[in-house]
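Welcome to a short set of exercises! Try each task with the structure in view, then follow the worked solution.

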Amino acid sequence: MQAQGKKALITGASSGIGRTLSIELARAGYNICAVARNKERLESLKKDLEEFSVQVELIELDLSNERDFAQFETMSVDVLIHCAGIGGLSTIKEMDIEEWEKVQRVNVTAPVFLTKTLLPSMQSGSHIIFLGSIAAKQAFPSWGAYCSSKASLASIAAVLREELREQGVKVTLLQPGATATPFWEQVEGDWDQNRMVQTQSIARLIVSILSCDSQSSVDELNILPAAGIL
Ligand SMILES: NC(=O)c1ccc[n+]([C@@H]2O[C@H](COP(=O)([O-])OP(=O)(O)OC[C@H]3O[C@@H](n4cnc5c(N)ncnc54)[C@H](OP(=O)(O)O)[C@@H]3O)[C@@H](O)[C@H]2O)c1
């Protein structure tokens, strides 16, 4: 895909992978629509995007409320990247229904229904990317809600890919391992972010995936810390 004049919508653009990705997509020439809840962090991203000659739109939105997705019905995007995601740290024994539902709403329900809302306007050659996680395949104690949400997302991506083949819309599932972002601030423990995947690597990988010729599709990719699963 040629980036110039194309529009990329990135959820979770206010922090971590989504933030770095928004910058790299703007550097490549994509117009950016950045979605997240935190206004200050979105404004700070906008400032960092000023050096690129691209259009920037900020949308403050809580993705756990899909009734608010109606505002996207009239929007047309070429690239849709589902980056927003949350953890949840309880064993199954401790899990309460509120925590379970919150994780599923942000990590699974929102990507499904945001995709549904934007799909009618997506042309052949468009691309949808899901930020899954290696936690879809690897069990981590206390991460049950998160692991299961990412396994669901992997399944959704695989189904959607088959549903959209004829329409010429590509679907990629990217599954990182531990990545150096503020995500880890809420996780107890002494985490060495220098040993983790760097957001820049993921962002550059996605820009490269988007530049594949129309005959080729990167369906799934894992990117893991070189030091192994942390
Ligand atoms: N970091 C890792 O080790 C790692 C590994 C594998 C996969 N991933 C996945 O990569 C994605 C990005 O993670 P990250 O590490 O970059 O996390 P992060 O730094 O914590 O960023 C999460 C983003 O999601 C947004 N978000 C969370 N809840 C939201 C809601 N209800 N409505 C709208 N936006 C919401 C946050 O924005 P606001 O707070 O402004 O709303 C923020 O921009 C996630 O899907 C995560 O599961 C991360």
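**Exercise 1.** Find the pattern that the chain of this predicted model follows when read along the sequence.

*Solution.* Begin at the N terminus and write β for a strand and α for a helix. Reading on to the end, you obtain β-α-β-α-β-β-α-β-α-β-α-β. Now check your tally: the chain holds 7 strands and 5 helices.

**Exercise 2.** Explain why the chain is as compact as a globular protein of its length.

*Solution.* Take the globule rule, which gives 17 Å for 230 residues. Then look at the radius of gyration of the chain, 17 Å. The value is close to that of the rule, so the chain is as compact as a globular protein of that length. For the inside of the fold, note that 39% of the 230 residues are buried.

**Exercise 3.** Describe how strand 2 and strand 3 are joined.

*Solution.* Locate strand 2 at residues 31-36 and strand 3 at residues 56-60. The two run parallel, with 5 bridges between them. For one facing pair, pick Ala36, which stands opposite Glu60 in strand 3. Finally, add helix 2 (residues 39-49): together with strands 2 and 3 it makes a right-handed β-α-β unit.

**Exercise 4.** Which residues are closest to the ligand, and how many surround it?

*Solution.* Count the shell to get 27 residues. The closest are Gly12, Gly16, Arg37, Asn38 and Gly85. Next, sort the shell by class: 13 residues are nonpolar, 11 polar and 3 charged. Last, ask where they come from: helix 1 (residues 16-28) supplies the largest share, 3 residues.

Key. Residues numbered from 1 in each chain as written. Predicted model: local features only at pLDDT ≥ 70, side-chain atom pairs only at ≥ 80, totals over all residues. Helix = DSSP H or I, 4+ residues; strand = E, 2+ residues; numbered from the N terminus. Rg over C-alpha atoms; globule rule 2.2 N^0.38 Å. Buried ≥ 20, exposed ≤ 12 C-beta atoms within 10 Å, placed from the backbone. Near = placed C-beta within 6 Å. Nonpolar A, V, L, I, M, F, W, Y, C, P; charged D, E, K, R; others polar. Pairing = 2+ DSSP bridges. Right-handed = clockwise from strand over helix to strand, strands pointing away.
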